[in-house]
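Good morning, colleagues. Please have the sequence and the structure open in front of you while I speak.

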Amino acid sequence: MEESDGVELAKQRCRAVIDRIERLPSSTNITLSSRRTLLKLALRELNFLSRCSSSTPLSLNIGHLEAVVHILQHPSVTGISRVCKPIPLHPRRVESSKVVHVDIICILNRKPVWVIVSDRKPRYVSWNDGRHRSKGLKSRLEEVVDAARSFPALEPCLIILFFAHGLDHFILRRLQDEFRAAEYSFDFSDFDFGFSETEGDWVNVLPRSYKEACVLEIKVHDGNCGVKSSNCNSEACFTGVDEPELLERNLNRDLGDPFCSIIMAMKPNPVGMEDMESESLENLLGGDEDLINLDTTALIALVSGISNGCVAKLLATPESELRRKYKSNYDFVIGQVNFVWRSFCSLSSTVIFTSYQVMSEIQKPILVELSSLLSGKRGIICQSVHSEFKELVTMCGGPNEKSRANHLLKHIMVVPDRASKRMTCLPTTRKLALKNKVVFGTGDYWNAPTLSANMSFVRAVSQTGMSLFTYEHRPRALTGD
């Protein structure tokens, strides 16, 4: 192949990567800044190639970007908070200019990880430092591990090493002996495909093989990932089975088929769980990959009258009655569900708020999307959410909403407030409120995604560089139904 053909092929690969970056699935929860970083790198490479002449020796970075995007596309990758950005080696010494480069900070298989990607051929991967201050793999990994242990809020469970073209046996043995690296069992696809449009109606298919790829894991701290021994006592972990009813006379009300179907499809709590010892509870939940953590907004969305068939009734209610009905508790409801229109707290905005959710429900019923997220999952809530939800339903819920709340609390597990080490190390600010750190941090402690409408908190966490496993749902409010 002529050099000019190589330049043109590299340009096509750049365009294909740009297209794949723009089409990364929403399930990755990739931050806007991370997407921009990837696009900037791909465009920079494309601009470089556009200036190349046929006699210019090619030194390409596009293969590295292809491998990074290949990993990001995997369905088990979510909570992408940082991509291809340096991390300072010494966070407490601001004047230090030493940094390490981490290709991906994300959630992988429900655990926070850092990913290092190499697109070098095995013969070009050196173990020790070379001439002209070129770093060997050993020095680089020592710095990465040191940085991982220096940032409690960003600290990963694992450092994943992805060698796209495989690894020399000598280097592999050194990684195993000196870093206790082990093969990471992960179902990466052996092939990837990019598509680049050409003149006319032709489309070039650009295959990339990862059949020789070597994927390794390095544990940052043995036993420091996810659930560990704690002071949880048997009284602190419980279900809502023995909870007093919020409104006893509502027990025989029709809960609604969609709502009941969701509850029936969820993973049931273990029989006799309320009598389990703390160690048994830790072992049970620590090994359960079907846990999902619900915050107050998610519980409200499940029991809200808007979600459960009172849309027609609300649409038929005169505007003056809606204003009168929601005036007293509108600010309170908005504060609990963290609705994006927080500024709309005037009397007239109450109608806008209610109408917005009603029209959203008509266009796309929320229980349908919640069903797909909760089916086969075991729901957990922390003690703070449990107390807040009960108080909110008691104050603002109607008879049907209270009845659904009673039924829901009998089928989810209440666990102690126990924020993860990563979350507690984040500073408490107006955007990173302590209450939300406890709620989301409890889900992070159990390696469980948190289902929430509180995206402002999720965005604030991602801006710190911390990866967080979350599912977003549209907000709903209690209607008094």
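Which phi does glycine 465 take, just after helix 18? In this predicted model, the phi of glycine 465 is positive, at about 95°.

Let me stay with helix 18, which spans residues 455-463. Its buried residues are Met455, Phe457, Val458, Ala460, Val461 and Ser462. The cover over them includes strand 1 (77-88), helix 16 (421-424), helix 17 (434-445), strand 13 (450-452) and strand 14 (470-472).

Between two of those covering elements, helix 17 and strand 13, runs a loop that holds asparagine 447. Asparagine 447 is not a glycine, yet its phi is positive, at about 55°. As a general matter, most residues other than glycine have a negative phi. Is asparagine 447 buried or exposed? With a relative accessibility of 13%, asparagine 447 counts as buried.

Arginine 180 also has a positive phi of about 55° without being a glycine. It sits in the loop that links helix 5 (169-179) to strand 5 (182-183). Arginine 180, however, has a relative accessible area of 68% and is therefore exposed, the cut-off being over 50%.

Arginine 180 brings us to the interior, as it is one of the residues that leucine 175 touches. Leaving aside residues up to four places away in sequence, the other partners of leucine 175 are Trp127, Leu137, Leu141, Leu161, Phe163, Leu167, Ala181 and Leu216. Leu175 itself belongs to the largest nonpolar core, which has 73 residues. Leu175 is among those with the most contacts inside this core, together with Trp114, Ile159, Leu161, Leu302, Phe389 and Leu408. Domain 1 (2-219) and domain 2 (258-308 + 374-472) each supply at least three residues to this core. Apart from it there is another core, of 38 residues, including Ala42, Ile71, Leu72 and Ile104.

I turn now to the largest pocket. How much space lies in it? The figure is about 1100 Å³. The pocket is lined by 38 residues, and the closest to its centre are His64, Val117, Ser118, Asp119 and Arg120. Two or more lining residues come from each of helix 3 (62-72), strand 1, strand 2 (99-108), strand 3 (111-118), helix 4 (137-150) and strand 4 (158-163). Strand 2 contributes the most, with 5 residues.

Finally, the protein as a whole. It has 18 helices and 14 strands, and 52% of its 481 residues count as buried. Among contacts with a separation of 6 or more, 77% join residues 24 or more positions apart. The accessible surface comes to about 23500 Å², and carbon and sulfur atoms account for 50% of that area.

How values were computed. Residues are numbered from 1 along each chain as its sequence is written. This is a predicted model: local features need pLDDT of at least 70, side-chain atom pairs count only at pLDDT 80 or more; totals for chains, interfaces and linings use all residues. Side-chain values use heavy atoms; hydrogens and water are left out. A nonpolar core is a set of buried Ala, Val, Leu, Ile, Met, Phe, Trp, Tyr and Cys residues joined through side-chain atoms within 4.5 Å. Buried means under 20% relative accessible area, exposed over 50%, partly exposed in between (1.4 Å probe, protein chains only). Domain bounds come from an automatic or database domain assignment. Contact means heavy atoms within 4.5 Å. Helices (H or I, at least four residues) and strands (E, at least two) are DSSP runs, numbered from the N terminus. Accessible areas come from the Shrake-Rupley method with a 1.4 Å probe; for residues, only the protein chains shown count as cover. On a 1 Å grid over the protein atoms alone, a cavity is a set of points where a 1.4 Å probe fits but cannot get out, and a pocket is an open set with protein on both sides within 12 Å along at least five of seven lines; lining residues have an atom within 4 Å of a point. Grid points are joined across faces, edges and corners, and a volume is the space filled by probe spheres set on the points.
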